[in-house]
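Me: I've got a protein chain open on my screen and I'd like to talk it through. Can we go step by step, with the reasoning spelled out?

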Amino acid sequence: MDVDGTPVAVFNLEGEYYAIHDVCSHDGAEIASGCLEGDEIVCPRHGARFCIRTGAVTKPPAYEDIAVFPVRLEGGAVQVRDDRWD
């Protein structure tokens, strides 16, 4: 998914939707194709892990968190907003 030029990955975890910046802070690769383990996404390139709820790094080689975005359901559609510049 793309939100105003920003790659975003959306996850449904136990009925709750979460959206994160789809870029690993370690090397800039996309991470949406990585494995989801609990509430963590594992970067497919180097194995860094991020919490999809908070964007926090949970395992190196990444050391910088990634952005999370607000999500809402509207008429059955998932809507995401990049609020970093609000």
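**Walking through the model**

Reply: Sure, let's start with one residue: leaving aside neighbours within four places in sequence, D39 is in contact with L13, F50, C51, I52 and R53. Keep in mind that this is a predicted model.

Me: How far apart are D39 and L13 in sequence, and how far in space, C-alpha to C-alpha?
Reply: D39 is in contact with L13, even though the two are 26 residues apart in sequence. In space, C-alpha to C-alpha, the distance between D39 and L13 is 7.3 Å.

Me: Which residue has a side chain joined to that of D39 by a polar contact?
Reply: Go back to the contacts of D39, which include F50, C51, I52 and R53. One of these is also a polar partner, with a contact of 3.1 Å between the side chains. That partner of D39 is R53.

Me: Is D39 buried, partly exposed or exposed?
Reply: D39 is in the loop between β4 and β5. Buried would need under 20% relative accessible area, and exposed over 50%. D39 has 25% relative accessibility, so it counts as partly exposed.

Me: What is the order of the strands in the open sheet?
Reply: Four strands form this sheet, and their pairing is antiparallel. The edge strands are β4 (36-37) and β7 (57-59), each pairing on one side only. The order is β4-β5-β6-β7.

Me: Which residue in β5 stands opposite L36?
Reply: β4 pairs with β5 (residues 40-42) in the antiparallel sense, over two bridges. The residue of β5 that stands opposite L36 is I41.

Me: Which element of the chain has the highest mean pLDDT?
Reply: For the chain, the mean pLDDT is 93, and 100% of the residues reach 70 or more. Among the elements, strand β1 (residues 2-3) has the lowest mean, 82. The highest, 98, belongs to strand β6 (residues 49-51).

Me: What is the phi of D4, and why would anyone notice its sign?
Reply: Most residues other than glycine have a negative phi, so a positive one catches the eye. D4 sits in the loop between β1 and β2 (6-13), and with 76% relative accessibility it counts as exposed. D4 is not a glycine, yet its phi is positive, about 50°.

Me: And what is the phi of E14?
Reply: E14 is in the loop between β2 and β3 (16-21). At 76% relative accessibility, E14 counts as exposed. E14 isn't a glycine either, and its phi is positive, about 55°.

Me: Which residue is joined to P60 by a cis peptide bond?
Reply: Most peptide bonds are trans, so a cis one is worth pointing out. Here omega is about 25°. The partner lies in the loop between β7 and β8 (68-69). The residue joined to P60 is P61.

Me: Is D82 buried or exposed?
Reply: D82 is in the segment after β10 (77-80). Not counting residues up to four places away in sequence, D82 touches V3, T6 and F69. The cut-off for buried is under 20% relative accessible area. At 12% relative accessibility, D82 counts as buried.

Me: Which residue makes a side-chain polar contact of 2.9 Å with D82?
Reply: The side chain of D82 has a polar contact of 3.3 Å with that of T6. Another polar contact, of 2.9 Å, joins the side chain of D82 to that of R84.

How values were computed: Residues numbered from 1 in each chain as written. Predicted model: local features only at pLDDT ≥ 70, side-chain atom pairs only at ≥ 80, totals over all residues. Heavy atoms only, no water. Pairing = 2+ DSSP bridges. pLDDT = per-residue confidence, 0-100. Buried < 20%, exposed > 50% of the residue type's maximum accessible area, 1.4 Å probe, protein only. Contact = heavy atoms within 4.5 Å. Polar contact = N/O pair within 3.5 Å; in protein donor to acceptor, adjacent residues only side chain to side chain.
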